[in-house]
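Colleague: Could you walk me through this one as if I had never read a fold before? I'd like the general idea each time, then the case at hand.

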Amino acid sequence: MMQLTIWGGAGEHGRSSYLLQYKNEAVLLDCGGKKEGGGQYPLISPEVLPQLKAVFLSHAHEDHSMALPLLYKHGYEGEVWTSRVTAQQLPGYFQAWGRYARSQAAELPYGEEHIAAIRYAYLEERSSAGEWSNVFPGLRMKWGRSGHLPGAVWLALDWHGKLVYFSGDYTAESALLAADEPQLGMMGEGSEGTDAARCLIAATRCIADLAIIDAAYGANSDSQAVRLAELEQATEVVLRAQGSVLYPVPTSGRGQELLLWASERFPEAQLIVERALMEPLRQLTALPEWLHVGALARIEKLLASDRLTIVASEEERLRALAGKGSSLIFTNDGMMQSEVARWYYQQLASVSRHAVLLTGHLASGSYGEMALRGSDSGVPDFPLPVQHICYKVHQGLPDVRQMLERVPSRAVVLAHAVKPRTDELLEVLKEEGYKGVYSLSPGDLFFV
Ligand SMILES: [Zn+2]
Ligand SMILES: [Zn+2]
């Protein structure tokens, strides 16, 4: 019997970390931090770490990766299996995480030496997307692109005759990033007595014993098209009133997609963009294997656009704001915790025709969340209109349904949303007749 322990990430947003144990072996999926209270970390049991044979990392985002050094601090000496692009992105995320902890006067629970101790092994060097390969005797895996971030993957493990599917953060609705259909499908070479062998013999679809899937948007049923229509309308209203729109976005991720979208939907508007957001955009041009067909040409067109003003200093920002009139401003901090994001807010705050559009997750107590609440309730410190329209980088109800069809599973753990939201989704799925779906919490054990 295999045991799943939720070290974090189910019933909450953040510190994704799922421990699988079989007899005296263990495998870990993700090891992230939670951006609340200066940083919360997974419920790591150091006594399990001697059993740990491999760690898999779905992508570079902080909520999946920032606790990896803790494993090495507690004695793990093995590898972290991830994509090469993810490993390249991680140093930037570790720096940002350190800055975040300092800004909250919180102490990091690990040192630079533990970050440096991480040993990476690259998925794409072991196998191509959609192909099974051996990790160590008894464990086979395959991966596919998850459409969430360059380098982001879903994973399937075939371990001791159990099939485990982990979606990572998944979306099939990215404007730029390609996603591979999450199918266990047929296995290349089945091992005796496992589902793999049975699948091969019976020529039927494989059924996962356990699936841990991104359900970050709970029961929300909006498609990306609906969200983009809302964003377009909200932006248009501000531009028509000669105002500027501030889009606080993460350094890498939806920011580049929204920037491209804005440049195409509003061909007249000036674009003021923090330099930190441009580097990931340029990097995308070097990663065509992670992109949709045609995306590269669109990015190159944007990079060559003369409507683009790239800024990195206060002087450049002031000049850009003064010179351009109505602008679409992209700053790199989705929750507005950074000084620069707040600076933009303060600069725009004196003129009520300007607005802020928040497009992603807001941790409670973040500046973005306070600005949103302040705008709703007329708090004098927060005079700007703020709207929260999420650009989808995760799965909601229709996406979860589709994934359950494509990856039939005996047991499904819904992940990446707070408990009430997960429970709500669970109720909807149960009413629709789905069985074996679970809403769990950190610390829970689950037997497969
Ligand atoms: Zn993510
Ligand atoms: Zn995540």
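Modeller: We'll go through domains, sheets and cores in turn. Keep in mind that this is a predicted model.

Colleague: Start with the split, then. Which stretches make up domain 1 and domain 2?

Modeller: The thing to look for is whether a domain is one run of sequence or several. In the domain assignment, domain 1 is 2-220 + 393-447, and domain 2 is 224-388. Their centres, taken over C-alpha atoms, are separated by 30 Å.

Colleague: How many residues does each side put into the contact?

Modeller: Domain 1 supplies 18 residues and domain 2 supplies 18 residues. On the domain 1 side, helix α3 (residues 84-103) gives the most, with four residues. That side divides into nine nonpolar, five polar and four charged residues.

Colleague: Now sheets. What is the strand order in the open sheet of seven strands?

Modeller: Read a sheet from one edge to the other, then ask about direction. The order here is β6-β5-β4-β3-β2-β1-β20, and the pairing is mixed. At the edges sit β6 (119-122) and β20 (445-447), each pairing on one side only. Neighbouring strands are turned by 25 degrees against each other on average, direction ignored. For one pair in detail, take β5 (residues 79-82) and β6: they run parallel and are joined by four bridges. Tryptophan 81 has alanine 121 of β6 as its bridge partner.

Colleague: And the sheet with six strands, is its pairing parallel or antiparallel?

Modeller: Parallel, with the order β14-β13-β15-β12-β16-β17. Its edge strands are β14 and β17 (386-388), and the twist averages 20 degrees from one strand to the next. Five bridges link β12 (residues 245-249) with β15, and valine 249 is partnered by asparagine 332 in β15. Helix α7 (residues 224-240) packs on this sheet, touching β12, β16 (355-358) and β17, and its direction makes about 170 degrees with that of β16. Helix α13 (residues 367-377) touches β12, β16 and β17 as well, with its direction at about 115 degrees to that of β17.

Colleague: What about hairpins? Which residue in the hairpin of β7 and β8 takes a positive phi?

Modeller: Check the turn residues for their backbone angles. Glycine 138 has a positive phi near 100 degrees, in a hairpin with two residues between the strands. Three bridges join β7 (residues 133-136) to β8, and the two run antiparallel; serine 133 stands opposite methionine 141. On to the next partner: β8 and β9 (residues 153-159) are also antiparallel, with seven bridges, and tryptophan 143 faces leucine 155.

Colleague: Is β8 mostly covered or mostly open?

Modeller: Mostly covered: six of the seven residues in β8 (residues 139-145) are buried. In general, side chains of a regular strand alternate between the two faces of the sheet.

Colleague: Last topic, cores. Which residues touch the most other members of the largest nonpolar core?

Modeller: Look for the members with many partners. Out of 84 residues, those are Val55, Leu155, Val164, Tyr165, Ala208, Ile212 and Ile213. Strand β9 gives the most to this core, with six residues, and the core draws at least three residues from each of the two domains. Leaving aside neighbours within four places in sequence, leucine 155 has contacts that include Leu29, Phe56, Met141 and Trp143. Apart from that core lies another, of 38 residues, with Ala276, Leu348, Leu384 and Tyr391 among them.

Colleague: What covers the buried residues of α9?

Modeller: The cover includes α8 (254-265), β13 (270-274), α10 (295-303), β14 (308-311) and β15 (327-332). The buried residues in α9 (residues 275-285) are Ala276, Leu277, Met278, Pro280 and Leu284.

Notes:
Residues are numbered from 1 along each chain as its sequence is written. Chains are lettered from A and ligands numbered from 1 in the order in which they are written. This is a predicted model: local features need pLDDT of at least 70, side-chain atom pairs count only at pLDDT 80 or more; totals for chains, interfaces and linings use all residues. Two strands pair if DSSP finds at least two bridges between them. Axes are lines fitted to C-alpha atoms, for helices over the stretch in contact, and angles run from 0 to 180 degrees between N-to-C directions. A residue is buried if 20 or more other C-beta atoms lie within 10 Å of its own, exposed if 12 or fewer, and partly exposed in between; C-beta atoms are placed from the backbone. Domain bounds come from an automatic or database domain assignment. Two residues are in contact if their C-beta atoms, placed from the backbone, lie within 7 Å. Ala, Val, Leu, Ile, Met, Phe, Trp, Tyr, Cys and Pro count as nonpolar, Asp, Glu, Lys and Arg as charged, and the others, Gly among them, as polar. A nonpolar core is a set of buried Ala, Val, Leu, Ile, Met, Phe, Trp, Tyr and Cys residues joined through C-beta atoms within 7 Å.
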